Amino acid sequence: MNKTISKIGALLVIISVALFALFMPFSSFWSYFVCMILAFSYLIMAAGLHSESDKEHKVAANAGLLFAAVYAVLILLVYYAQITSVRLSELNRQATLLLDYSYGGLFFFYDLLGYGMMSLSTFFFGLSMKAETKADKWLKWLMIIHGVFFLSCFIMPLTGVFSSMADGHSGKGGILALEFWCAYFLPIGVLAFVHLK
């Protein structure tokens, strides 16, 4: 049962990352919706990676699972707000600047913080993993290197680099950065599925 649920989580990670990459340039509603599926899926996959850790690596695995939970909460709050309050309500200017993801306000920064937490989660799972096969070694190092994204997700908002988004246009640079992230994270999902199999 543990392996089956873990594999389903990893499979849903693969599907949701691929769909996110596909929907992102065309539909904000569907790309936001898929990000919520990714949050649930990653949490399930993380629980599977946590369950197989040995006693020597349990602290790293615990940290990975806890950061995964923080990621899921932040992402679900952000994207649920985007497809409900932001999409269905007439917000005044101040509320729009805070809630609408496309303006680079508070919820945009919560989103970055959420993905920073995911990066920390993968980093600690990479540390906790016993890599016995070549695929496992790739997964381990891809997860550890993915942890570097935490620095940009946490520090860049503090610098004001996103202040140009205040007019409501995130631009093609943001889409390209997210497409790069999808291309990087998709193999993690695939290798995790193989590993959990």
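How are helix 2 and helix 5 oriented to each other? The legends below describe a predicted model, and View 1 takes up this question.

**View 1. Helix 2 beside helix 5.** The axes of helix 2 and helix 5 come within 11 Å and cross at roughly 20 degrees. Angles under 35 degrees count as roughly parallel, and helix 2 and helix 5 are therefore roughly parallel to each other. The crossing of helix 2 past helix 5 is left-handed. On the helix 2 side, the residues that meet helix 5 are Cys-35, Leu-38, Tyr-42, Ala-46, Leu-49 and His-50. Their partners in helix 5 are Tyr-115, Met-118, Ser-121, Thr-122 and Phe-125.

**View 2. Cys-35 and Cys-153, two cysteines in no disulfide.** A disulfide is a covalent bond between the sulfur atoms of two cysteines. A search of the whole structure finds zero disulfides. For Cys-35, the nearest cysteine sulfur belongs to Cys-182 and is 7.9 Å away. For Cys-153, the nearest cysteine sulfur is that of Cys-35, at 13 Å. To count as a disulfide, two cysteine sulfur atoms must be within 2.5 Å. Cys-35 has a relative accessibility of 2% and counts as buried. Cys-153 is also buried, with a relative accessible area of 13%. Cys-35 appears in View 1 as well, among the helix 2 residues that meet helix 5.

**View 3. The salt bridge between Glu-52 and Lys-3.** The structure holds two salt bridges, and this view shows the one formed by Glu-52 and Lys-3. The closest N and O atoms of the pair are 3.7 Å apart. Glu-52 lies in the loop between helix 2 (28-51) and helix 3 (58-88), while Lys-3 lies in helix 1 (residues 2-23), so the salt bridge ties together parts that are 49 residues apart in sequence. Glu-52 is partly exposed, with a relative accessible area of 34%. Lys-3 is partly exposed too, at 43%.

**View 4. The salt bridge between Lys-130 and Asp-54.** Here the side chains of Lys-130 and Asp-54 meet, with a distance of 3.5 Å from N to O. The pair links distant parts of the chain, 76 residues apart. Lys-130 is in the loop between helix 5 (106-128) and helix 6 (134-146), and Asp-54 is in the loop between helix 2 and helix 3. Is Lys-130 buried or exposed? At 52% relative accessibility, Lys-130 counts as exposed. Asp-54 is partly exposed, with a relative accessible area of 23%.

**View 5. Pro-25 and its contacts.** Pro-25 is found in the loop between helix 1 and helix 2. With a relative accessible area of 42%, Pro-25 is partly exposed. Which residues does Pro-25 touch, not counting residues up to four places away in sequence? They are Ile-175 and Glu-179. Pro-25 and Ile-175 are 150 residues apart in sequence, but 6.9 Å apart in space, C-alpha to C-alpha.

**View 6. Met-117 in helix 5 and the residues in contact with it.** Met-117 is buried, with a relative accessible area of 12%. Leaving aside neighbours within four places in sequence, Met-117 is in contact with Phe-67, Val-70, Tyr-71, Leu-74 and Phe-150. Asp-136 is 19 residues from Met-117 along the chain, and the C-alpha atoms of Met-117 and Asp-136 are separated by 22 Å.

Conventions. Residues numbered from 1 in each chain as written. Predicted model: local features only at pLDDT ≥ 70, side-chain atom pairs only at ≥ 80, totals over all residues. Heavy atoms only, no water. Buried < 20%, exposed > 50% of the residue type's maximum accessible area, 1.4 Å probe, protein only. Salt bridge = Lys/Arg side-chain N within 4 Å of Asp/Glu carboxyl O. Helix = DSSP H or I, 4+ residues; strand = E, 2+ residues; numbered from the N terminus. Axes fitted to C-alpha atoms, helices over the stretch in contact; angles between N-to-C directions. Parallel < 35°, antiparallel > 145°, perpendicular 65-115°, else oblique. Left-handed = near helix turned anticlockwise from the far one by under 90°. Contact = heavy atoms within 4.5 Å.
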